[in-house]
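Open your viewer and get a selection box ready. We will go stop by stop, choosing residues and looking at what surrounds them.

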Amino acid sequence: RRCRVHFTNVASGVTSDLPLPQGAVALDQAAFSPDGTTLAVPVGLGGAWPGPYPTALIVIDLVTRTVRLLPGSEQRAKPNFGVFNATWSESGWVFFTAYGSAHVLAWHFGAAKAVVVSNVRLPPLPPAGTTGQQLPSLIAL
């Protein structure tokens, strides 16, 4: 019910946990920003997964240790197979989408919320599998 992200500082061995917002369930692998100060965590909202629940992105500021649900990141894809791993660009943009969605969302440091990337559409996808699919290879401009 109450998911947490567990951190281990490999240099010092110190471990700590940060709770995700109430009702958020971590769905897949998290991704560190290029500068290592932010962690993007794809989550499901509102219930056990898989399910007919929305997906979203949690952003964790590792400097201030704050966790927030990224405004504008909620998606209600149909069918809903979960989310892609978030993918960071070298310039600090994070891109993400939900399986079953036709849209790619993006966010960068300082922006108030995630936005739909215009002129980008995803092809129809089979259900998520064990081999994984990388978002950059699927984007069709």
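Two strands count as paired if DSSP finds at least two bridges between them. With that in mind, select T87 and F95: T87 stands opposite F95 in β9. Keep in mind throughout that this is a predicted model.

**The whole chain**

Zoom out and colour by secondary structure. You should find 1 helix and 11 strands, with the strands coming before the helix along the sequence, in the pattern β-β-β-β-β-β-β-β-β-β-β-α. Switch to a surface next: the protein exposes about 7900 Å², and carbon and sulfur atoms supply 57% of that area. Of the 141 residues, 38% are buried. If you draw a contact map, take the contacts with a separation of 6 or more: 34% of them join residues 24 or more positions apart.

**The open sheet**

Now go back to the strands around your first selection. Four strands form an open sheet in the order β8-β9-β10-β11, with antiparallel pairing. β8 and β11 (115–116) stand at the edges, and each has a single partner strand, so one side of each is left without a neighbour in the sheet.

Work across the sheet from β8. This strand is joined to β9 by 2 bridges, and the two run antiparallel. Their hairpin has 4 residues between the strands; select G92 there, which takes a positive phi near 95°. Moving on, 4 bridges join β9 to β10, again antiparallel. Select W93 with H108 to see a facing pair, since W93 stands opposite H108 in β10.

Which residues of β9 lie on its covered face, and which on its uncovered one? Show the side chains: V94 and F96 are on the covered face, while W93 and F95 are on the uncovered one.

**The nonpolar cores**

In soluble globular proteins, nonpolar side chains tend to be buried together. To see this here, select L57, L70, A86, V94, F96 and W107, the residues with the most contacts inside the largest nonpolar core, which has 13 residues. The elements that give two or more residues to this core are β6 (55–61), β9 (93–96) and β10 (105–108). Apart from this core lies another, of 12 residues; L18, V41, V43 and A56 are among them.

Centre on A86 for a closer look. Not counting residues up to four places away in sequence, A86 touches A31, A40, P42, L57, V94, F95 and F96.

**Three loop residues**

Is Q75 buried or exposed? Find Q75 in the loop between β7 (66–69) and β8 (87–88). Q75 is buried, because its relative accessible area of 9% falls under the 20% cut-off. Leaving aside neighbours within four places in sequence, Q75 is in contact with P54, T55, F96, T97, A98, S101, H103 and L105.

For contrast, jump to V14, in the loop between β1 (4–8) and β2 (15–19). V14 counts as exposed, because its relative accessibility of 55% is over the 50% cut-off. With the same neighbours within four places left aside, V14 is in contact with F7, T8 and N9.

Finish at R65, in the loop between β6 and β7. R65 is partly exposed, with a relative accessible area of 36%. Check the backbone as well: most residues other than glycine have a negative phi. R65 has a positive phi of about 60° although it is not a glycine.

Technical notes:
Residues numbered from 1 in each chain as written. Predicted model: local features only at pLDDT ≥ 70, side-chain atom pairs only at ≥ 80, totals over all residues. Heavy atoms only, no water. Buried < 20%, exposed > 50% of the residue type's maximum accessible area, 1.4 Å probe, protein only. Contact = heavy atoms within 4.5 Å. Areas by Shrake-Rupley, 256 points an atom, 1.4 Å probe, with all protein chains shown as cover. Core = buried A, V, L, I, M, F, W, Y, C linked by side-chain atoms within 4.5 Å.
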